[in-house]
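The following exercises concern charged side-chain pairs and burial. Please work through each task before reading its solution.

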Amino acid sequence: MTVGMSLELDRVRLSYTGTPVIDGLSLTVRPGEILVLTGPSGCGKSTVLRALAGLLTPDGGRVLADNAEVTTTSGDRGMVFQDNALLPWRTVRSNIELALRLRGEPRATRRGQAEHWIDELGLAGFGNYLPKSLSGGMRQRVQLARGLAGAPRAVMMDEPFGALDTQTRGAMQRLLIDAWRTHPTTIVFVTHDVDEALALGDRIVVLGRAGQPLRAVLEVSEPRTGQPREELRAEIIAALNHTVAA
Ligand SMILES: Nc1ncnc2c1ncn2[C@@H]1O[C@H](COP(=O)(O)OP(=O)(O)OP(=O)(O)O)[C@@H](O)[C@H]1O
Ligand SMILES: [Mg+2]
């Protein structure tokens, strides 16, 4: 069985123009955990995910995947975004098959694997549909299938459920947990939603601004049991508020 890879940010600085968005961030993601990244809008969550995916090169420090420096994107490290990045002219099945091809799945087994993921994410019967004829929740399921299919050893997820209604969102969180239990991998999951963070994370990281990028790393004891966790919730909110006030 594939176990997830470790990811590490070692004193990382990330910039688009002159001023760094993230400066001096060190953080280790343990193999096979779900690490949630949260923090105020614009603090650099998506930027950190891009660096972990290899889409953005740090201008200071290092990004490591299984102790090897990340210099480019790799099929081993998948990404799932909030906005629907499905290819509109390809069917659900064909979108998933494409992801499998990019991960090196042999042609002969791609169709069967795609069907497996279609079933796994509750999309049975929709394989021939085009993305435009699916609901938002279903499109996100296809996105999840694409992110997880082919057993990448890490998947970065950028607010994948951010645009969904509360009920659909809860269902998607459960689907994700089930799929992750069946196909263990390392997940770095970005969300604004404290309850989503508590529902999913083994650990919850609160990011702040460039000068002091790491505000809190909170361990969730017995994660994903659906407990209310008022104390931890209060700690996250306090860390977030501290971030805003700084
Ligand atoms: N392509 C880009 N070019 C220039 N600046 C960018 C680019 N992408 C992001 N930024 C800037 O970097 C900072 C961090 O952006 P990022 O998207 O990582 O934040 P975020 O925490 O994901 O925010 P949100 O919660 O709104 O998604 C912001 O100030 C943003 O304006
Ligand atoms: Mg973002």
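Three exercises with worked solutions follow, after a note on conventions.

The model is predicted, so local features need pLDDT of at least 70 and side-chain atom pairs count only at pLDDT 80 or more, while totals for chains, interfaces and linings use all residues. Residues are numbered from 1 along each chain as its sequence is written, chains are lettered from A and ligands numbered from 1 in the order in which they are written, and side-chain values use heavy atoms, with hydrogens and water left out.

**Exercise 1.** Determine how many salt bridges the model contains, and describe the one between Arg62 and Asp10.

*Solution.*
Step 1. A salt bridge is counted when a side-chain nitrogen of Lys or Arg lies within 4 Å of a carboxyl oxygen of Asp or Glu. This criterion yields 12 salt bridges.
Step 2. Arg62 and Asp10 satisfy it with an N to O distance of 3.3 Å. Arg62 belongs to strand 4 (residues 60-65) and Asp10 to strand 1 (residues 7-15), so the pair ties together parts that are 52 residues apart in sequence. Strands here are DSSP runs of E with at least two residues, and helices are runs of H or I with at least four, numbered from the N terminus.
Step 3. Burial is classed by relative accessible area: buried is under 20%, exposed is over 50%, and partly exposed is in between (1.4 Å probe, protein chains only). Asp10, at 12%, is buried, whereas Arg62, at 37%, is partly exposed.
Step 4. Salt bridges link Asp10, Arg11 and Arg62 in a network.

**Exercise 2.** Characterise the salt bridges Arg153 to Asp66 and Glu115 to Arg93.

*Solution.*
Step 1. In the pair of Arg153 and Asp66, the closest N and O atoms are 2.8 Å apart. Arg153 sits in the loop between helix 4 (136-148) and strand 7 (154-158), and Asp66 in the loop between strand 4 and strand 5 (68-69), so parts 87 residues apart in sequence are tied together.
Step 2. Both partners are partly exposed: Arg153 at 23% and Asp66 at 34%.
Step 3. For Glu115 and Arg93 the closest N and O atoms are 2.5 Å apart. This pair links helix 3 (residues 107-120), which holds Glu115, with helix 2 (residues 92-102), which holds Arg93, across 22 residues.
Step 4. Glu115 is partly exposed at 29%, while Arg93 is buried at 15%.

**Exercise 3.** Which residues of helix 1 are buried?

*Solution.*
Step 1. Helix 1 (residues 45-53) is mostly covered, with seven of its nine residues buried.
Step 2. These are Lys45, Thr47, Val48, Leu49, Ala51, Leu52 and Ala53.
Step 3. Gly54, just after helix 1, adopts a positive phi of about 90°.
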